[in-house]
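Got a fold in front of you and some labels you'd like to see justified? Let's go through them one by one.

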Amino acid sequence: MRQRKLILVTNDDGFQSQGIAQLAELMMPLGEVIIVAPEGGRSGTACSVSSTTTVRLTELSPRGDARVVSCSGTPVDCVKLALERVCPRQPDLVVSGINHGDNASISVHYSGTIGAVIEACMKGIPAIGYSLRTREKHCDFSPYANVIVRVAEHVLENGLPVDVCLNVNFPEVERLAGVRVARLARGKWSAEWASAHHPRGENHFWLTGYYTNLEPEATDTDYWALDQGYAAITPLKLDMTAHECLAALTGLNQDFPRERCNPQRS
């Protein structure tokens, strides 16, 4: 009998979030589902790992047919531990989300949701991150369900190029205008810290900020797609080399004299 596909589900909002419950439910018809997710919110952890503390795994009650394990570490810790200590074999697909808050443009560099996707990609496993442009803890994911499943089915059937993963973002709308494959928009965050009162007079700050799209007229970016009511699918790659700059920097190449090493024998 043909073995069912194995799908690992994780996120950065914690195992109890509405988004991961919805994502796991959507994946169940596609294969065997295992959920390994943080025990609490881990937003903004990007690709960080717990290198100075131990990490705890806790087996929880199943969610439908899915096994559920919480992790005290980061989303990347979740993937690393799932692959070595939880999953019976290498998953056919890793999905992360559905994140409450979009991970478009430069936000991918901060995202714990995408950090988990990148970790799976580095392990050679097809991976997809899903995010919704909302900050509400309870929201309606039904307008996006068909696209979520369609993208997962496409990747399970066709795979992804080596060292490539997918970042999928949704606008908060009652009905999607469609789907667009788009590049990351150039943008920046500013005014990122708000002062917070502390009774002892210490300097405390909340991370906040305002996003600015640096190319608002461009119609091929993820931010344009979201602003127009489209789901945005962006392929991301592990290779961060600026290949177009290599030739211009060859003048920095240099060979240094090699001194013959003659170690003294005692």
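Q: Why does Leu226 count as buried or exposed, whichever applies?
A: First off, this is a predicted model. Leu226 has a relative accessibility of 3%, and buried means under 20%, so Leu226 counts as buried.

Q: Where does Leu226 lie, and what is in contact with Leu226 beyond its neighbours within four places in sequence?
A: Leu226 is part of helix H5, residues 222-227. Leaving aside those neighbours, Leu226 is in contact with Asp102, Ala104, Arg133, Asn169, Phe170, Pro171 and Ala232. Take Arg133: it sits 93 residues from Leu226 in sequence, yet the C-alpha to C-alpha separation is 8.3 Å.

Q: What makes Pro171 buried?
A: Its relative accessible area is 3%. The cut-off is under 20%, so Pro171 is buried. Pro171 lies in the loop between E7 and E8. Not counting residues up to four places away in sequence, Pro171 touches Leu132, Arg133, Tyr144, Leu176, Leu226, Gly229, Tyr230 and Ala231. As for Ala37, 134 residues away along the chain, its C-alpha is separated from that of Pro171 by 24 Å.

Q: How do you know that H2 and H3 are roughly parallel to each other?
A: Helix H2 (residues 75-86) packs against helix H3 (residues 112-122) at an angle of about 30°, their axes 7 Å apart. Angles under 35 degrees count as roughly parallel, so H2 and H3 get that description. Their crossing is right-handed.

Q: Which residues make the contact of H2 with H3, and how does it split by class?
A: H2 brings Pro75, Val76, Val79 and Lys80, while H3 brings Gly112, Gly115, Ala116, Glu119 and Ala120. By class that comes to five nonpolar, two polar and two charged residues. Gly counts as polar here.

Q: What makes H3 largely enclosed by the rest of the structure?
A: Nine of its 11 residues are buried, so H3 earns the phrase. The buried ones are Gly112, Thr113, Ile114, Gly115, Ala116, Val117, Glu119, Ala120 and Cys121. Their cover includes E1, H2, E5, E6, strand E7 (164-170) and strand E13 (230-237).

Q: Why do strands E3 and E8 stand at the edges of the sheet?
A: The nine strands form an open sheet, in the order E3-E4-E2-E1-E5-E6-E7-E13-E8, with mixed pairing. Strand E3 (57-63) and strand E8 (178-181) each have a single partner strand, so one side of each is left without a neighbour in the sheet. From one strand to the next, the twist averages 20°.

Q: What makes E1 and E5 a pair?
A: Pairing takes at least two bridges, and four join strand E1 (residues 6-10) to strand E5 (residues 93-100), so the two qualify. E1 and E5 run parallel, and Leu8 stands opposite Val94 in E5.

Q: Which helix touches E1, strand E2 (32-38), E3, E5 and strand E6 (127-132)?
A: That's helix H1 (residues 18-27), which packs on the sheet with its direction at about 145° to that of E5. H2 packs on the sheet too, touching E1, E2, E3 and strand E4 (66-71), and its direction makes about 135° with that of E2.

Q: What does the whole protein come to, in helices and strands?
A: Six helices and 13 strands. Buried residues make up 45% of the 266 residues.

Technical notes. Residues numbered from 1 in each chain as written. Predicted model: local features only at pLDDT ≥ 70, side-chain atom pairs only at ≥ 80, totals over all residues. Heavy atoms only, no water. Axes fitted to C-alpha atoms, helices over the stretch in contact; angles between N-to-C directions. Parallel < 35°, antiparallel > 145°, perpendicular 65-115°, else oblique. Left-handed = near helix turned anticlockwise from the far one by under 90°. Contact = heavy atoms within 4.5 Å. Buried < 20%, exposed > 50% of the residue type's maximum accessible area, 1.4 Å probe, protein only.
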